[in-house]
Amino acid sequence: MNLTVNGKPSTIDGSERLNVTGLLAALKVAQAAYVTVELNGEVLEREAFDATIVKDGDAVEFLYFMGGGSAAFPQSRR
Amino acid sequence: MLTIPRAIHDDLIAHARADFPVEACGMLGGVDGAVSAIFRMANTDQSNEHFMMDPKEQFAVVKELRNRGLGMLAIYHSHPESPARPSEEDIRLALTPGVSCVIVSLAGAEPDVKAFRIADGVVEPEPIEIVE
């Protein structure tokens with residue numbers, strides 16, 4: 001299956017139906033629990049990863065959650 | 001080492017001040033450690049202690065970087081009332097590989113901008129060179 005992943009052509013081996021969870025595993029994405037996925041321009045809800053099947057020609061983007069903040073400093077040195 | 005043009009360095013501070021007391025956040029783009037673009041982004045938390053980016057905006061900025069032939073070099077945010085060093089939350093949520101964490105502190109008399117590399121919970125200060 002030929003996909004575009006983060007703007008680059010990517011071929012995924014295997015002929016079985018692949019959902020988004022399986023795709024992230026096939027791409028060996030580390031810490032996939034913290035990844036946000038966009039499929040063909042639409043941001044997917046995490047709850048939809050298992051039910052969403054990727055198809056030949058799809059464009060997939062993934063990014064890690066980006067957040068943080070000044071709360072909870074180590075050693076209470078604020 | 002991050003090389004940051006003076007104008008972008010000043011814009012980091014201006015963004016932190018503009019959003020005060022809420023934490024400001026955004027991305028820096030460039031090539032090989034040389035920053036050439038700043039993207040102010042929305043803090044969906046609208047908090048003075050947390051920031052979170054909107055995934056749609058994240059994807060839009062990353063595509064814009066790609067279209068310009070740039071990479072994501074840093075994720076920045078402000079600490080309105082605390083020092084320019086990563087909090088426990090910053091360390092835990094530094095998930096994007098190979099990207100610097102830039103923090104703008106407004107806690108002192110003068111703004112303080114520092115960069116860090118964070119991987120697997122280990123924080124390493126990263127030098128910043130400001131270029132004219």
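These questions and answers go through chain A of a predicted model and the way chain A meets chain B.

The model is predicted, so local features need pLDDT of at least 70, side-chain atom pairs count only at pLDDT 80 or more, and totals for chains, interfaces and linings use all residues. Residues are numbered from 1 along each chain as its sequence is written, while chains are lettered from A and ligands numbered from 1 in the order in which they are written.

Q: What makes β1(A) and β2(A) a pair of strands?
A: Strands are DSSP runs of E of at least two residues, numbered from the N terminus, and two strands pair if DSSP finds at least two bridges between them. Four bridges join β1 (residues 2-5) to β2 (residues 8-11) of chain A, so the antiparallel strands satisfy that definition. One of the bridges sets Thr4(A) against Pro9(A).

Q: Which strand pairs with β1(A) in the parallel sense?
A: That strand is β7(A), joined to β1(A) by two bridges, and here Thr4(A) stands opposite Ala59(A).

Q: How do you know that chains A and B are in contact?
A: Residues are in contact if their C-beta atoms, placed from the backbone, lie within 7 Å, and 20 residues of chain A are in contact with 24 residues of chain B. The largest share of the side of chain A that touches chain B, three residues, comes from β7(A).

Q: Why is β8(A) called paired with β4(B)?
A: β8(A) and β4 (residues 51-52) of chain B share two bridges in the antiparallel sense, and therefore count as a pair; Gly67(A) has Met52(B) as its bridge partner.

Notes: Two residues are in contact if their C-beta atoms, placed from the backbone, lie within 7 Å.
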